[in-house]
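User: Could you take a close look at one part of this model for me, and then show how it fits with the rest? I'd enjoy one connected account, starting from a single residue.

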Amino acid sequence: GYAVGAFNILDYNSMRAVIDAAEEWRAPVIIQTSVKTVLFWGYDAVISWAKQLTLHATIPVAIHLDHCTDIDVIRKCIDAGWTSVMIDASTKPFTENIRLTQQVLDMTASCGVSVEAELGAIVGVEDDIHVKEQEAHLADADQAVQFCRELPIDCFAPAVGTAHGIYKGEPKIAYDLIEEIAARTGVPLALHGGTGLADDVFHRCIALGCAKVNISTQLKYA
């Protein structure tokens, strides 16, 4: 019944702003970094900002690698000190998605880094992942159950009708799918494409099982 906000930062200042806001609201927060941001500034620079800004933090702060398709980048983030990573193999065939996600789980097993994975295709542009509207598809509930049964992931991102970027018209969110996947898997769900959703949509998704809400585009516009 509670979700943690996950905000995609661009630099030191935006990371500081997110942490300051979380402190003000007395809320735990997830700092998200896109692959582009990590590669632009460098692994050591980004993690040094996080260490400095959380040194005296009084709320829990996680640093998460968002939508990564490159195993090597994931490995370097883990080594640098990221506390959470997302392997996005959702464009791959189902069995390949499972194989790649398991590979990341093997990498994190001994270091306590949490893992998020995705199933289905979320429309829009996120980093270098482009999904056109005609290519988007919702996650299959039975596949979602199999995916979460085979893989001990910490957070699951099924495609449920949200989109990356700015919504054109009213988003068609599959609330019944969120409810079914959350109930059948028991895994905390990540709601991608949070920018532009109404408060009542957030409340409904969170009540149904979304435990992580991603906001990226809204911060870029600000």
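Analyst: Happy to. Let's begin with alanine 3, which has a relative accessible area of 16% and therefore counts as buried, the cut-off being under 20%. Please keep in mind that this is a predicted model. Alanine 3 sits in the segment before β1. Leaving out residues up to four places away in sequence, its contacts are Ile206, Cys210, Ala211, Lys212 and Val213. Its C-alpha atom is also 9.5 Å from that of proline 28, a residue 25 positions along the chain.

Alanine 3 leads us to a pocket. The second largest pocket has a volume of about 410 Å³. Its lining is made of 17 residues, and those nearest the centre are Ala3, Val4, Gly5, Phe7 and Ala27. Two or more lining residues come from each of β1 (4-8), α1 (12-25), α8 (199-208) and β10 (210-215). The largest share belongs to α1, which gives four residues. What is the chemical make-up of this lining? It divides into 16 nonpolar residues, one polar residue and no charged ones. Glycine counts as polar in this scheme, so the one polar residue must be Gly5.

Just beyond α1 there is a backbone detail to check. Arginine 26 lies in the loop between α1 and β2 (29-33). Its phi is positive, at about 55 degrees, although it is not a glycine. A second residue of this kind is histidine 67, again not a glycine, with a positive phi of about 45 degrees. Histidine 67 belongs to strand β3 (residues 61-68). With a relative accessibility of 3%, it counts as buried because that is under 20%.

β3 also holds histidine 64. Is histidine 64 buried or exposed? It is buried, with a relative accessible area of 1%. Beyond its neighbours within four places in sequence, histidine 64 makes contact with Ile30, Ile31, Gln32 and Thr33, and also with Trp82, Ser84, Val85, Met86, Glu116 and Lys212. The C-alpha atom of tryptophan 82, 18 residues away along the chain, is 6.2 Å from that of histidine 64. Lys212 links this part of the story to where we began: it touches alanine 3, and it is in contact with histidine 64.

For a contrast with these buried residues, try alanine 45 in helix α3 (residues 43-54). Its relative accessible area is 24%, so it is partly exposed rather than buried. Alanine 45 and alanine 80 are 35 residues apart along the chain, and their C-alpha atoms are separated by 9.8 Å.

Now for a helix seen end to end. Helix α5 (residues 94-108) has 15 residues, so at 1.5 Å a residue it should span 21 Å, and its end C-alpha atoms are indeed 21 Å apart. Which of its residues are buried? They are Phe94, Asn97, Ile98, Leu100, Thr101, Val104, Leu105, Met107 and Thr108. The cover over these residues includes α4 (71-80), β4 (84-87), β5 (114-119) and α6 (141-150). Two of these covering strands have residues that also meet histidine 64: Ser84, Val85 and Met86 from β4, and Glu116 from β5.

Finally, let's step back to the whole chain. The protein has nine helices and 10 strands. Of its 222 residues, 54% count as buried. Among contacts with a separation of 6 or more, 68% are between residues 24 or more positions apart. The protein exposes about 10,900 Å², with carbon and sulfur atoms supplying 53% of that area.

Definitions and conventions
Residues are numbered from 1 along each chain as its sequence is written. This is a predicted model: local features need pLDDT of at least 70, side-chain atom pairs count only at pLDDT 80 or more; totals for chains, interfaces and linings use all residues. Side-chain values use heavy atoms; hydrogens and water are left out. The expected span of a helix is 1.5 Å times one less than its number of residues. Buried means under 20% relative accessible area, exposed over 50%, partly exposed in between (1.4 Å probe, protein chains only). Contact means heavy atoms within 4.5 Å. On a 1 Å grid over the protein atoms alone, a cavity is a set of points where a 1.4 Å probe fits but cannot get out, and a pocket is an open set with protein on both sides within 12 Å along at least five of seven lines; lining residues have an atom within 4 Å of a point. Grid points are joined across faces, edges and corners, and a volume is the space filled by probe spheres set on the points. Accessible areas come from the Shrake-Rupley method with a 1.4 Å probe; for residues, only the protein chains shown count as cover.
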